[in-house]
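Let's take a friendly walk through this structure, looking at charged pairs and then at a patch on the surface.

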Amino acid sequence: MIPTESAARLHGLVTKLYLRDAALLAGRLLLALIFLHEGATLATHFDAAGKAMAALGVGLPLFVATIALQLGAGLSIASGLLTRLGAIGLGLFCLATATLFHANLASQNELLHFEKDLAISGGMFVLATAGAGRISLDCLLALYLGQRQRDKDMVAALLAPRRHQGPG
């Protein structure tokens, strides 16, 4: 292979990887947006939202947990920190929401919300499988921890007693 072919292949690979990571970032931000918005809305209108949730049979502890999940996991996904965990949590949350609150499929509106929750859940499970990509705090943390481990290994190797190999 001549150098220009090799450079062209490398450029294609870098472009492909960059687009993959940019797409993962855009997808993470779009998925997180609905939960961050909803969690912030529930938190800022806590009393009214709490009463509305109570009317649906959702008690105060579950209501507070819902806000915490939406904000915490939403931030997790948006920042790319513990992304897989946040995505699994919100994916399960969406499945529960669909089946518990949007099960009246005879209503066109409820059917739409049911399908939307299933679609978001699917997106979250795909994100949990794919991970956050390289444009994320998960990636920065992995790089940092990997460098720390290499540093520890280097220090251990330097401090290890050397074996005497005798005259050579």
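## Charged pairs and a nonpolar patch

K116 counts as partly exposed, at 33% relative accessibility. Please keep in mind that the model you are looking at is predicted. The partner of K116 is D117: the two form a salt bridge in which the closest N and O atoms are 3.2 Å apart. D117, at 4% relative accessibility, counts as buried, since the cut-off for that word is under 20%.

How many salt bridges does a search of the whole structure find? The search finds three, and here they are side by side.

| Salt bridge | N to O distance |
|---|---|
| K116 and D117 | 3.2 Å |
| R20 and D21 | 3.7 Å |
| R134 and D21 | 2.5 Å |

Why might such pairs form at all? Side chains of opposite charge can pair when their charged atoms come close.

Now to D21, which appears in two rows of the table. The side chain of D21 meets that of R20 in one salt bridge and that of R134 in another. R134 lies in the loop between helix 5 (108–130) and helix 6, while D21 is in helix 1 (residues 3–44), so this pair ties together parts that are 113 residues apart in sequence.

How exposed are the members of these pairs? D21 is buried, with a relative accessible area of 4%. R20 is partly exposed, its relative accessible area being 42%, and R134 is also partly exposed, at 46%. For K116 and D117, the values are 33% and 4%. Salt bridges that share partners join R20, D21 and R134 into one network.

Next comes the surface patch. Which residues make the nonpolar surface patch of about 890 Å²? The patch is made by L81, L82, L85, L137, L140, L141, L143, Y144 and L145. Helix 6, which covers residues 137–159, gives the most to this patch, with six residues. L145 is found in helix 6 and is one of the residues that make the patch. With a relative accessible area of 47%, L145 is partly exposed. That value fits the patch, because a residue needs over 30% relative accessible area to be included.

Helix 6 therefore links the two topics: R134 sits in the loop between helix 5 and helix 6, and helix 6 gives six residues to the nonpolar patch.

Notes:
Residues numbered from 1 in each chain as written. Predicted model: local features only at pLDDT ≥ 70, side-chain atom pairs only at ≥ 80, totals over all residues. Heavy atoms only, no water. Patch = residues over 30% accessible without salt bridge, like charges linked within 9 Å, V, L, I, M, F, W, Y side chains within 5 Å. Areas by Shrake-Rupley, 256 points an atom, 1.4 Å probe, with all protein chains shown as cover. Salt bridge = Lys/Arg side-chain N within 4 Å of Asp/Glu carboxyl O. Helix = DSSP H or I, 4+ residues; strand = E, 2+ residues; numbered from the N terminus. Buried < 20%, exposed > 50% of the residue type's maximum accessible area, 1.4 Å probe, protein only.
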